[in-house]
Amino acid sequence: MCIYPADLTHVALRTSGESPNSKASKIMAKKSKQFKRKKKVTAISSQFDKWMDLIGHQIFKGDYREAVTNCERLLNSLPLRTSQRADVLAQLGTAQGMLQNFPQSYEAFSEALALEPNNAELWYNRSLASQFTIRFGRALRDIERAIELNTRSELAEQFADALEFSREMAEKSMELRGPNFTLDQLIEQEDLFQQGLKLMEAWKWEEAGQAFQASIDLGDCLPQPWGNLGICLLMQERYDEAEAALKRALVIDPEYSLAKDNLALLAETRRTGLPDRVAMNQPFKGSKLKQGITFIRE
């Protein structure tokens, strides 16, 4: 519920021309104002509840796009730091996740956690979103935090299963990077990769390339950072460096199609100039995962 600051009453010396009746009328005026303020809070809270009921119904019925639209509309009218905002963000994260818009789902749950850091369900939900944005280190850390905070016995088994899966994925990722590679390093590396993707979406090619290079420097074992670095270099017309990056991606994985395709187009790009647009692929977008996604809705 949105909390408004209470009226601050203060004591003032009565001037010689002020009568007791005048003073009484001022007190009554303040009481009336406070009553109106309470009515306003109640009205706003009631309106908020109606919106949340609508959004919850839309999610239940599978109208996820409408739920996203209404969540965004409601967020635009709420103050930045309220429990109401956290509730809306939780619903937004759920709807985006069900639409397989996993980066947007992750961002919504992250913003909600900044407002309610002791909410076990939010940590669990962001752990799921982390898995589908290739943040296996973050997924493990989040589900561990969810279990620490959980007070609902009916969720214990579900959280335990999520912990087992997340731990397995994180351990495999760390083993791939070599001995003594830590969970903190994995989280840092995966965050750098995601930062690079966001910068690519904004067409900030130099900054994106720096993020991918920093990710590679932490552990050179995956083709994707090299493939994306190659695109960033290509878009800066640094063609020789782009070719070297794409070839390095293929050394790591000779079947990596993104590097193959962009390497094949490199000669034409040198001749005709840069493309007008760059398509961004989400690894799980469009896959048959909906039935397996279980976001907790409060």
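**Exercise 1. Two helices and their axes**

At roughly what angle do the axes of helix α8 and α10 cross, and within what distance do they come?

*Solution.* Start with the source of the coordinates. This is a predicted model, in which local features need pLDDT of at least 70, side-chain atom pairs count only at pLDDT 80 or more, and totals for chains, interfaces and linings use all residues. Residues are numbered from 1 along each chain as its sequence is written, and side-chain values use heavy atoms, with hydrogens and water left out.

Step 1. Find the helices. Helices (H or I, at least four residues) and strands (E, at least two) are DSSP runs, numbered from the N terminus. Helix α8 covers residues 183–201. Helix α10 covers residues 223–235.

Step 2. Read the geometry. Two packed helices are described by the angle between their axes and the distance between the axes. Axes are lines fitted to C-alpha atoms, for helices over the stretch in contact, and angles run from 0 to 180 degrees between N-to-C directions. The axes of α8 and α10 cross at roughly 25° and come within 11 Å.

Step 3. Name the arrangement. The angle makes α8 roughly parallel to α10. The cut-offs are under 35 degrees for roughly parallel, over 145 for roughly antiparallel and 65 to 115 for roughly perpendicular, with the rest oblique. The crossing of α8 and α10 is left-handed: the near helix is turned anticlockwise from the far one by less than a right angle, whereas clockwise would be right-handed.

Step 4. List the contact (heavy atoms within 4.5 Å). From α8 come Phe-193, Leu-197 and Met-200; from α10 come Gln-224, Pro-225, Asn-228, Ile-231 and Cys-232. Sorted by class, the contact of α8 with α10 has six nonpolar, two polar and no charged residues. Here Ala, Val, Leu, Ile, Met, Phe, Trp, Tyr, Cys and Pro count as nonpolar, Asp, Glu, Lys and Arg as charged, and the others, Gly among them, as polar.

**Exercise 2. A second partner for α10**

Describe how helix α9 packs on α10.

*Solution.* Step 1. Helix α9 spans residues 205–218. The axes of α9 and α10 come within 9 Å and cross at roughly 155°.

Step 2. The two helices are therefore roughly antiparallel to each other. The crossing of α9 and α10 is left-handed.

Step 3. On the α9 side, the contact residues are Trp-205, Ala-208, Gly-209, Phe-212, Gln-213, Ser-215 and Ile-216. On the α10 side, they are Pro-225, Trp-226, Asn-228, Leu-229, Ile-231, Cys-232 and Met-235. The contact of α9 with α10 has 10 nonpolar, four polar and no charged residues.

**Exercise 3. Around α5 and α6**

Are Ser-130 and Asp-142 buried or exposed?

*Solution.* Step 1. Ser-130 sits in helix α5 (residues 120–131). Asp-142 sits in helix α6, which runs over residues 136–149.

Step 2. Apply the cut-offs: buried is under 20% relative accessible area, exposed over 50%, partly exposed in between (1.4 Å probe, protein chains only). Ser-130 is buried, at 0% relative accessibility. Asp-142 is buried too, with a relative accessible area of 1%.

Step 3. Check the neighbours, leaving out those within four places in sequence. Ser-130 is in contact with Tyr-106, Arg-135, Arg-138, Ala-139 and Asp-142. Asp-142 touches Trp-123, Arg-126, Ser-127 and Ser-130.

Step 4. Look at the loop before α5. Pro-117 lies between α4 (102–115) and α5. Pro-117 is partly exposed, at 39% relative accessibility. Beyond four places in sequence, Pro-117 is in contact with Trp-123, Arg-145 and Leu-149. The C-alpha atoms of Pro-117 and Arg-145 are separated by 9.8 Å, although the two are 28 residues apart along the chain.

**Exercise 4. Positive phi**

Where are Ile-134 and Asn-180 found?

*Solution.* Step 1. Most residues other than glycine have a negative phi. Ile-134 has a positive phi, near 60°. Asn-180 has a positive phi of about 70°.

Step 2. Ile-134 is in the loop between α5 and α6. Asn-180 is in the loop between α7 (156–176) and α8.

Step 3. Ile-134 is partly exposed, at 31% relative accessibility. Asn-180 is exposed, at 74%.

**Exercise 5. The whole chain**

Summarise the fold and its confidence.

*Solution.* Step 1. The protein chain has 12 helices and zero strands. Buried residues make up 42% of its 298 residues.

Step 2. Turn to pLDDT, the predictor's confidence in each residue, from 0 to 100. The chain mean is 83, and 78% of residues reach 70 or more. Among the elements, helix α1 (residues 20–61) has the lowest mean, 62, and helix α6 the highest, 98.

Step 3. Note the weak stretch. Over residues 1–43, pLDDT stays under 50. Where pLDDT is low, the predicted coordinates should not be read in detail.
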